Amino acid sequence: MQEILYCYDPLCGWCYGFSPVIERLEQDFGNQIKFTAYSGGMVTGERVSPIGQSFGYIKEALKTVESRASVQFGEPFKQLLEEGSYIYNSAPPSKALTIYKSVSNGSSVAFAHALQKWLFYDGKSLNEVQNLASIAEQHGLDAEVFTQLFEQDKYQQKTWEEFAFVQKIGVQGFPTLLFRDGQKLYLLSRGYQIYEVLEGSIKQILDGRVV
């Protein structure tokens, strides 16, 4: 099986900046090769904390991402950052992605971006199941069904297994883009990369020349 693995985290600002690139790549090449988003578990366990504890770092990083990736973080998110009490936790939105991939044939890349837009542009919480259900409903899932699935322990377990898988394949930061050909994995990019570079790499793959 050939697949492009998009290893990201819902709370990764650089992933938000990378979203237009990966969505364009899937739009242009998705009919030739499978694209799948994988959650990395960037903020879990002891790292879960109020966003205000990372205020200085995040505030400066936003400027860099906006400048390099030509994306905008919404004023509601910037206000959320200023207020500081919002709890940063990768687990709930990552679980939402796990459920979406399990029950939908839609684009996991698009759903991953929708989660990030909800937080980074709209400034809304990704910790409440009703909010995650609203996003799922916008992507074709019944909100009530999603909520019932969210309460099932097996999807939490599958999410932790996905975190472990991303770590096992050597991903050390987000976003990371990999190409899988059978059992072999090839690194396409680590960190933000422009569309044109990745377009060339994927064309080489499709031409039978693994990068």
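In this predicted model, helices α1 and α9 cross in a right-handed sense. Helix α1 covers residues 13-29, and helix α9 covers residues 195-206. Their axes lie 10 Å apart, and the packing angle is about 30°. Angles under 35 degrees count as roughly parallel, so α1 is roughly parallel to α9. On the α1 side, the contact is made by Phe18, Val21, Arg24, Leu25, Asp28 and Phe29. On the α9 side, Tyr195, Glu196, Leu198, Glu199, Ile202, Lys203 and Leu206 take part. Eight residues of this contact are nonpolar and five are charged. No polar residues occur in the contact of α1 with α9.

Helix α1 also packs against α2. Here the angle is about 15°, and the axes are 9 Å apart. That angle makes α1 roughly parallel to α2. The crossing of α1 and α2 is right-handed. Helix α1 contributes Gly13, Trp14 and Gly17 to the contact. Helix α2 contributes Thr64, Val65, Arg68 and Ala69. By class, the contact of α1 with α2 holds three nonpolar, three polar and one charged residues.

Attention now turns to the pockets. The largest pocket holds about 400 Å³ of space. It is lined by 20 residues. Leu11, Met42, Tyr57, Ile58 and Tyr88 are the closest to its centre. Three elements each give two or more residues to this lining: α1, β3 (49-50) and α2 (55-69). Helix α2 supplies the largest share, with five residues. The lining of the largest pocket has 16 nonpolar residues, alongside three polar and one charged. Helix α1 thus appears both in the contact with α2 and in the lining of the largest pocket.

The second largest pocket has a volume of about 260 Å³. Its lining consists of 15 residues. Those closest to the centre are Gly40, Gly41, Gln167, Val171 and Phe174. By class, the lining of the second largest pocket divides into seven nonpolar, seven polar and one charged residues. The largest pocket, for its part, has 16 nonpolar and three polar residues in its lining. One charged residue is found in the lining of the largest pocket, and one in that of the second largest pocket.

Conventions
Residues numbered from 1 in each chain as written. Predicted model: local features only at pLDDT ≥ 70, side-chain atom pairs only at ≥ 80, totals over all residues. Heavy atoms only, no water. Axes fitted to C-alpha atoms, helices over the stretch in contact; angles between N-to-C directions. Helix = DSSP H or I, 4+ residues; strand = E, 2+ residues; numbered from the N terminus. Parallel < 35°, antiparallel > 145°, perpendicular 65-115°, else oblique. Left-handed = near helix turned anticlockwise from the far one by under 90°. Contact = heavy atoms within 4.5 Å. Nonpolar A, V, L, I, M, F, W, Y, C, P; charged D, E, K, R; others polar. 1 Å grid on protein atoms, 1.4 Å probe; cavity = no way out; pocket = protein on both sides within 12 Å on 5 of 7 lines; lining within 4 Å. Points joined across faces, edges and corners; volume = space filled by probe spheres on them.
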